[in-house]
Every structure is written in structure tokens, then in C-alpha cells.
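Work through the exercises below with the sequence and the model at hand. Each task is followed by a solution in steps.

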Amino acid sequence: MKKTKSKRKSKSETRKVQDLLWQECRRIIKAKYIKDDRYYCFTCGKEIEGSNCQLGHFIPNSVGGASLRYNLDNLRLQCYYCNINLGGNGSEFYRKLVIEKGQPYVDALFELKNKGSINALDHYKKLLEEYKII
Ligand SMILES: [Zn+2]
């Protein structure tokens with residue numbers, strides 16, 4: 001009983017930190033990629049606004065793990081269609097990322113795959129402190 005309680009408590013704390021971290025990621029990426037007061041989908045290039053303006057992962061959470069989930073290098077603005085309907089539009093994401101940053105940058109992201117999943121909460125807390133001051 002005690003175990004269940006503490007487990008639930010730590011889960012909700014993780015959730016809370018994750019929500020805050022995601023807000024910071026959105027803020028930072030939007031500020032970084034705004035062009036003439038407009039936002040554009042990284043993969044299809046269309047102008048996006050409102051709820052259609054999403055934050056998409058290059059390497060998805062399912063394979064990226066804790067080290068890439070809130071990694072700013074792994075995040076770009078995407079439209080709903082590319083992010084959700086096309087599941088991130090991975091091949092185009094890859095192509096554009098190589099054009100923007102070069103192959104070594106992309107390779108470095110792949111090397112982070114599934115690393116840092118131990119003590120994810122500590123990792124998230126550390127990131128949150130870093131991102132708050134960007
Ligand atoms: Zn798009």
C-alpha cells in the first residue's frame with residue numbers, strides 16, 4: 001500500500017515537470033524559428049498558426065527515450081498533418097535537418113537514442129532549470 005502511494009506520487013511529479021518542460025520547449029522553439037511574425041512547418045513548409053502549430057520530434061518518443069524527448073535539437077515546429085497524420089513525416093524531417101544542420105548533427109541525435117532513461121525525473125528537472133533561463 002505504501003509502495004503504491006509513493007509510486008503514484010512520484011509519477012504525478014514527473015508528469016508535472018514534463019508539462020512545464022514541454023511548455024518551455026514550445027516557447028524556446030517558437031521564438032527560435034519565428035520568421036516575420038509567422039511560423040512554418042519544418043517538414044512541409046506551410047504556414048501554421050494556432051493549434052495547428054505543433055512541436056514535432058525528429059526521433060519520436062517511442063524510440064528516443066528520455067534523452068531526446070525534450071532535446072531542443074530534436075524538436076521543430078510542425079503542422080498537425082505532418083506531426084500527427086504523417087507520424088512526424090520522418091523522411092522529410094531527416095532530409096531537412098541534414099540540409100539545415102549537416103549530417104554530424106543528425107548522427108549525434110541518433111547516438112542519444114534510448115540513453116538517459118534512468119532517473120528521467122532528475123534529467124527533466126535539470127533541463128527545466130536550464131530552459132527557464134533561455
Ligand atoms: Zn507540415
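**Exercise 1. Determine whether Asn-83 is buried or exposed, and list its contacts.**

Step 1. The relative accessible area of Asn-83 is 17%. Buried means under 20%, exposed over 50%, and partly exposed in between, with a 1.4 Å probe and protein chains only. Asn-83 is therefore buried.

Step 2. The model is predicted: local features need pLDDT of at least 70, side-chain atom pairs count only at pLDDT 80 or more, and totals for chains, interfaces and linings use all residues. Residues are numbered from 1 along each chain as its sequence is written, and side-chain values use heavy atoms, with hydrogens and water left out.

Step 3. Asn-83 belongs to helix α4, residues 80-85. Helices (H or I, at least four residues) and strands (E, at least two) are DSSP runs, numbered from the N terminus.

Step 4. With neighbours within four places in sequence set aside, Asn-83 is in contact (heavy atoms within 4.5 Å) with Gln-54, Leu-55, Gly-56, Gln-78 and Gly-88.

Step 5. Gln-54, one of these partners, sits in strand β3, residues 54-57. Gln-54 is buried, at a relative accessible area of 15%. Not counting residues up to four places away in sequence, Gln-54 touches Arg-26, Arg-76, Leu-77, Gln-78, Tyr-80, Asn-83 and Ile-84.

**Exercise 2. Identify the protein donors of the zinc ion and classify their arrangement.**

Step 1. Donors are N, O and S atoms within 2.8 Å of the metal (3.2 Å for Na, K and Ca); water is not among the atoms, so sites may look incomplete. For the zinc ion, the protein donors are the SG atoms of Cys-41, Cys-44, Cys-79 and Cys-82, at 2.2 to 2.4 Å.

Step 2. The spacing of the donor residues in sequence is C-x2-C-x34-C-x2-C.

Step 3. Four donors count as tetrahedral if all angles lie between 85 and 135 degrees. The angles subtended by the four donor atoms around the zinc ion are 103 to 115 degrees, so the arrangement is tetrahedral. The ideal angle for four tetrahedral donors is 109.5 degrees.

Step 4. Of the donor residues, Cys-79 and Cys-82 can be noted as buried.

**Exercise 3. Find which residues of the largest nonpolar core touch the most other members, and which elements supply at least two residues each.**

Step 1. A nonpolar core is a set of buried Ala, Val, Leu, Ile, Met, Phe, Trp, Tyr and Cys residues joined through side-chain atoms within 4.5 Å. The largest such core has 23 residues, and those touching the most other members are Leu-21, Cys-25, Ile-29, Leu-77, Tyr-124 and Tyr-131.

Step 2. At least two residues of this core come from each of α1 (2-33), β4 (75-78) and α7 (120-132).

Step 3. A second, separate core has nine residues, including Ile-59, Phe-93, Tyr-105 and Leu-109.

Step 4. Outside the span of four places in sequence, Tyr-131 touches Leu-21, Glu-24, Cys-25, Arg-27, Ile-28, Tyr-70, Asn-71 and Leu-72.

**Exercise 4. Compare the spans of α5 and α7 with expectation, and locate the buried residues of α7.**

Step 1. The expected span of a helix is 1.5 Å times one less than its number of residues. Helix α5 (residues 90-101) has 12 residues and should span 16 Å, which agrees with the 16 Å between its end C-alpha atoms.

Step 2. Gly-102 follows α5 and has a positive phi, near 95 degrees.

Step 3. α7, with 13 residues, reaches 18 Å from first to last C-alpha, close to the 18 Å expected.

Step 4. In α7 the buried residues are Ala-120, Leu-121, Tyr-124, Leu-127, Leu-128 and Tyr-131. Viewed down the axis of α7, they fall within an arc of 125 degrees (taken from the directions from the helix axis to the C-beta atoms), so they line one face of the helix.

**Exercise 5. Describe the loop residues Asp-36, Asp-37 and Lys-115.**

Step 1. Asp-36 lies in the loop between α1 and β1 (39-40), and Asp-37 lies in the loop between α1 and β1 as well.

Step 2. Phi of Asp-36 is positive, near 50 degrees, and phi of Asp-37 is positive at about 65 degrees. Asp-36 is exposed, with a relative accessible area of 74%; Asp-37 is exposed, with 72%.

Step 3. Lys-115 lies in the loop between α6 (103-111) and α7. Lys-115 is partly exposed, at 47% relative accessible area.

Step 4. Beyond its neighbours within four places in sequence, Lys-115 is in contact with Ala-66 and Ser-67.

Note on methods:
Four donors count as tetrahedral if all angles lie between 85 and 135 degrees; four count as square planar and six as octahedral if opposite donors are over 155 degrees apart and all others between 65 and 115; anything else is irregular.
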